Amino acid sequence: MSSTASDQAPPSTTNKNTKGIDIRSAMSILSSRAEDGGDKELRAEHQQDVPAKIVQERRAMGQSIDLESSLQWTKMGPTGGGSGSGGVTCPCPPPEQDVITAAAEADPEAQEQRRALEEQGKQNEAELRAKLDNMSVSELLRAVLSAQGERTVTYKTYDGGLDTVLSTGNITAYPGVVAAATASFSVLSDTINAIRTTLVEKHGRKDVGKLIADLQRSEKEKLSTTAALHLERIREKNEEAVVMGSDNTGGADSRVHNMLREGVATLRAKVQELVETINETLEDIRYAAVEEEKS
């Protein structure tokens, strides 16, 4: 996905703002919130991925999906071992039930962990809001652009992780790729939402607040589409292995493979369309920042 991952380059003017918020500091402030599962949109596409510290509590709940047993091309690790030799069982929630809620209802300790994380999240958000309250409108807008640059880096890492999985056949590495991306996307989204709230509530800038809301909606759709594209690429890779490993006299395997390939192309096009929409919104935000600096 190298053609779509580099949609928004990190703004070149970000470093000029010495008085503004350090976006990495903001991410650090909110990082503990990501430990609770991260961005719900991404997590919904990859429900098998949960924080390691509560995996054991959730193993007995809901369904389990054995990724390895249905993927012809995968290996157990760098040394191979073949499919089916102790596949990766990923815990999934019951239908339409959030993984955190499911764990909390089943285990008092998990419920207490959830409460503690929620309290820590509120404290961290308050600290971030205090920093944002001391920033000007132009500084806040530059902080949005800086966070968007971090999003670009995260997408490159996310897509690169999938490329590695597909080239090595080591599906066991994919949950870690998703978990890392989930945490980063969650923190960045929370940071941008907090900036938008400050712009609207403290500075009365509903105009730029609308731009940021548009950005967030497009990013939400892009993240969901990218996650779907990842899964479609995994299915395509698996079907490719099926076609290569069969005589395919009836042509059915090839037809399925072609359909999956078309699905991948469609999702790629949709991601690119969203990239263009996002870039247009970012240009409007940059223009607003420049105008604010002139005033």
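Biologist: Which residue's side chain meets that of Lys270 in a salt bridge?
Modeller: The partner is Glu221, and the N to O distance of this salt bridge is 3.2 Å. The term means a side-chain nitrogen of Lys or Arg within 4 Å of a carboxyl oxygen of Asp or Glu. Please note that this is a predicted model, where local features need pLDDT of at least 70 and side-chain atom pairs count only at pLDDT 80 or more, while totals for chains, interfaces and linings use all residues. Residues are numbered from 1 along each chain as its sequence is written, and side-chain values use heavy atoms, with hydrogens and water left out.

Biologist: Where do Lys270 and Glu221 lie?
Modeller: Lys270 is in helix H10 (residues 252-294) and Glu221 is in helix H9 (residues 206-244), so the salt bridge ties together parts 49 residues apart in sequence. Helices (H or I, at least four residues) and strands (E, at least two) are DSSP runs, numbered from the N terminus.

Biologist: Is Lys270 buried or exposed?
Modeller: In between: Lys270 counts as partly exposed because its relative accessibility is 27%. Glu221 is also partly exposed, at 36%. Buried stands for under 20% relative accessible area, exposed for over 50%, and partly exposed for what lies in between (1.4 Å probe, protein chains only).

Biologist: How many salt bridges does a search of the whole structure find?
Modeller: The search finds 14. One of them joins Glu232 to Arg235, with the closest N and O atoms 2.6 Å apart. Both residues belong to helix H9 and are three residues apart, about one turn of the helix. Glu232 counts as buried because its relative accessibility is 13%, whereas Arg235, at 43%, counts as partly exposed.

Biologist: And which residue pairs with Glu283?
Modeller: Arg286 does, in a salt bridge of 2.9 Å, N to O. Glu283 and Arg286 are three residues apart in helix H10, so about one helical turn separates them. Glu283 is partly exposed at 48% relative accessibility, and Arg286 is partly exposed at 23%. Elsewhere, salt bridges with shared partners join Arg205, Asp207 and Glu292 into one network.

Biologist: Changing topic, how many aromatic pairs are there in the whole structure?
Modeller: There are two. Tyr158 and Phe185 form an edge-to-face pair, because their ring centres are 6.3 Å apart and their planes stand at 80 degrees. Rings of Phe, Tyr and Trp (its six-membered ring) pair if their centres lie within 6.5 Å; planes under 30 degrees apart count as stacked, over 60 as edge-to-face and the rest as tilted.

Biologist: Which helices hold Tyr158 and Phe185?
Modeller: Tyr158 lies in helix H7 (residues 137-168) and Phe185 in helix H8 (residues 174-201), so the pair links distant parts of the chain, 27 residues apart. Tyr158 and Phe185 are both buried.

Biologist: What do Tyr155, Tyr158 and Phe185 form?
Modeller: They form one aromatic cluster. Lys222 lies over the face of Tyr155, 3.6 Å from the ring centre. A charge sits over a ring if NZ of Lys or CZ of Arg is within 6 Å of the ring centre and within 35 degrees of the ring normal.

Biologist: Back to helix H8: which backbone oxygen lies 2.7 Å from a polar side-chain atom of Thr182?
Modeller: That of Val178. Thr182 is placed in helix H8 and counts as buried, with 7% relative accessibility.

Biologist: Which residues does Asp133 touch, leaving aside those up to four places away in sequence?
Modeller: Asp133 touches Thr198 and Lys202 (contact means heavy atoms within 4.5 Å). Asp133 is in helix H6 (residues 108-133) and is partly exposed, with a relative accessible area of 29%. Its C-alpha is 9.1 Å from that of Ile195, a residue 62 positions away in sequence.

Biologist: What is the pattern along the whole chain?
Modeller: The protein chain reads α-α-α-α-β-β-α-α-α-α-α-α, which comes to ten helices and two strands. Of its 295 residues, 47% are buried. Among contacts with a separation of 6 or more, 81% are between residues 24 or more positions apart.

Biologist: How much area does the protein chain expose?
Modeller: About 14500 Å², with carbon and sulfur atoms supplying 49% of it. Accessible areas come from the Shrake-Rupley method with a 1.4 Å probe; for residues, only the protein chains shown count as cover.

Technical notes. Polar contact = N/O pair within 3.5 Å; in protein donor to acceptor, adjacent residues only side chain to side chain.
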